[in-house]
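Biologist: I am new to this structure and would like a close look at a single part. Could you take me through the place where the two chains meet, and then show me a little of what surrounds it?

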Amino acid sequence: MDLFASKEGGRYLCGLIDGPCQTSGLDVLVQDPAHGAIAQFFGVVRNHNEGLSAAAVDYDVHPELALKALSELCDDICGEYPVRLVIVHSRGLVRVGEASVVIAASSAHRKDALGAASAAIDQLKIRVPIWKKEIGLDDEQRWLDGHSLRKD
Amino acid sequence: MTAITVHCLGAFRDLGNNFTVEVDDASVASIRAAVSSHLLEINRSDLEGVLKRSVFAEGDELLRDHVTVSGHEVSLLPPVAGG
C-alpha cells in the first residue's frame, strides 16, 4: 500500500510506494507559475556495489517512522529553501536500472531548487528508516550498512 | 518479568519478523541487554555490532536507552541506508 503525507498549501508531498518509482510526471507536482526552475534527482539501482555485481535491491521500511521522518525532512528543507518539494521512496524490490527514490524541487531561481534537491537526498540517506538488502546475480543477499540513528 | 516483543527491521529480519525477550524492567537499556543475550543464545553474535549502533522505537518515537517503554512492543532499527 502506498503511503503519502503532504503539507497544507502544497509546499511539499512525500511518500512511500511499493516497487520502483516512476520518473515521469514528477515536475508537474512542483510546478508553480512563480517558479522558474525545477530540479529533479532520481536514485537508480546500479549493477555493482563495493566490487560485487548486483541484480536488485530489496528495500525494507518502517512505514510509520519513515513517513514521519520524510515529513520532518521536507519541513526542514522547505524552511531552509523557498521551494516546493516532492520526495518519493520505494519499498520492496527494485531492479537494476529502476528508480528507488525520486525528488523534485521547484523555486524562483535555480540555486534554491538545486540546493534543496541535493540536501534532500543527503538528509534522506541518514535520517529515514529505510534499509537496503542487496541481491546479487546469483541470488546471494546481504544487508548494507548505513547511518546509525542512535543518539546516546 | 515483562515480555517485550521486538519487531525486526533491516539486518535483524534475518531473525524473523519479531522475537520476544523477558526483562526485569521495561527500560530500553534492559531491552537492549536482553536482545544482546538473545543474539548470543541463537548464535548470532555477529549482529552484536549492529545492535550497538541500533535504536529502539515505540510507535513513531525513537527511544534513548534511559527511557522506559509504556507498552510491550518495540521496533529494532539498525543503521539506515535509504536512497
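Modeller: Happily; here is a walk through the contact between the chains, followed by some features of chain A. Please keep in mind that this is a predicted model.

Let's begin with who touches whom. Chain B brings 26 residues into contact with 30 residues of chain A. The size of an interface is often given as the accessible area lost when the parts come together. For chain B and chain A, that buried area is about 2300 Å², and carbon and sulfur atoms give 53% of it.

Now for the polar side of the story. Between chain B and chain A, 20 residue pairs are in polar contact, counting pairs with both residues at pLDDT 80 or more. On chain B's side, the elements that give two or more residues to the contact are β3 (55-58), β4 (61-63) and β5 (73-77) of chain B. Sorted by class, the side of chain B that touches chain A holds ten nonpolar, seven polar and nine charged residues.

Side chains of opposite charge can pair when their charged atoms come close. Five salt bridges are found across the interface of chain B and chain A. A good pair to look up in the 3D view is A:D60 with B:R13, whose side chains form a salt bridge at 2.8 Å, N to O.

Over all chains, the structure has twelve salt bridges. Within chain A, the side chains of A:R91 and A:D18 form one at 2.7 Å, N to O. This pair joins distant parts of the chain, with A:R91 in strand β7 (residues 84-95) and A:D18 in strand β2 (residues 12-18), 73 residues apart.

Finally, look at two helices of chain A. The axes of α2 (residues 63-80) and α3 (residues 110-127) come within 10 Å and cross at roughly 145°, and the crossing is right-handed. Their contact has eight nonpolar, one polar and three charged residues. Among them are A:L70 and A:L73 in α2(A), and A:A116 and A:L124 in α3(A).

Methods:
Residues numbered from 1 in each chain as written. Chains lettered and ligands numbered in written order. Predicted model: local features only at pLDDT ≥ 70, side-chain atom pairs only at ≥ 80, totals over all residues. Heavy atoms only, no water. Axes fitted to C-alpha atoms, helices over the stretch in contact; angles between N-to-C directions. Helix = DSSP H or I, 4+ residues; strand = E, 2+ residues; numbered from the N terminus. Left-handed = near helix turned anticlockwise from the far one by under 90°. Contact = heavy atoms within 4.5 Å. Nonpolar A, V, L, I, M, F, W, Y, C, P; charged D, E, K, R; others polar. Buried area = accessible area lost by both parts, 1.4 Å probe. Salt bridge = Lys/Arg side-chain N within 4 Å of Asp/Glu carboxyl O. Polar contact = N/O pair within 3.5 Å; in protein donor to acceptor, adjacent residues only side chain to side chain.
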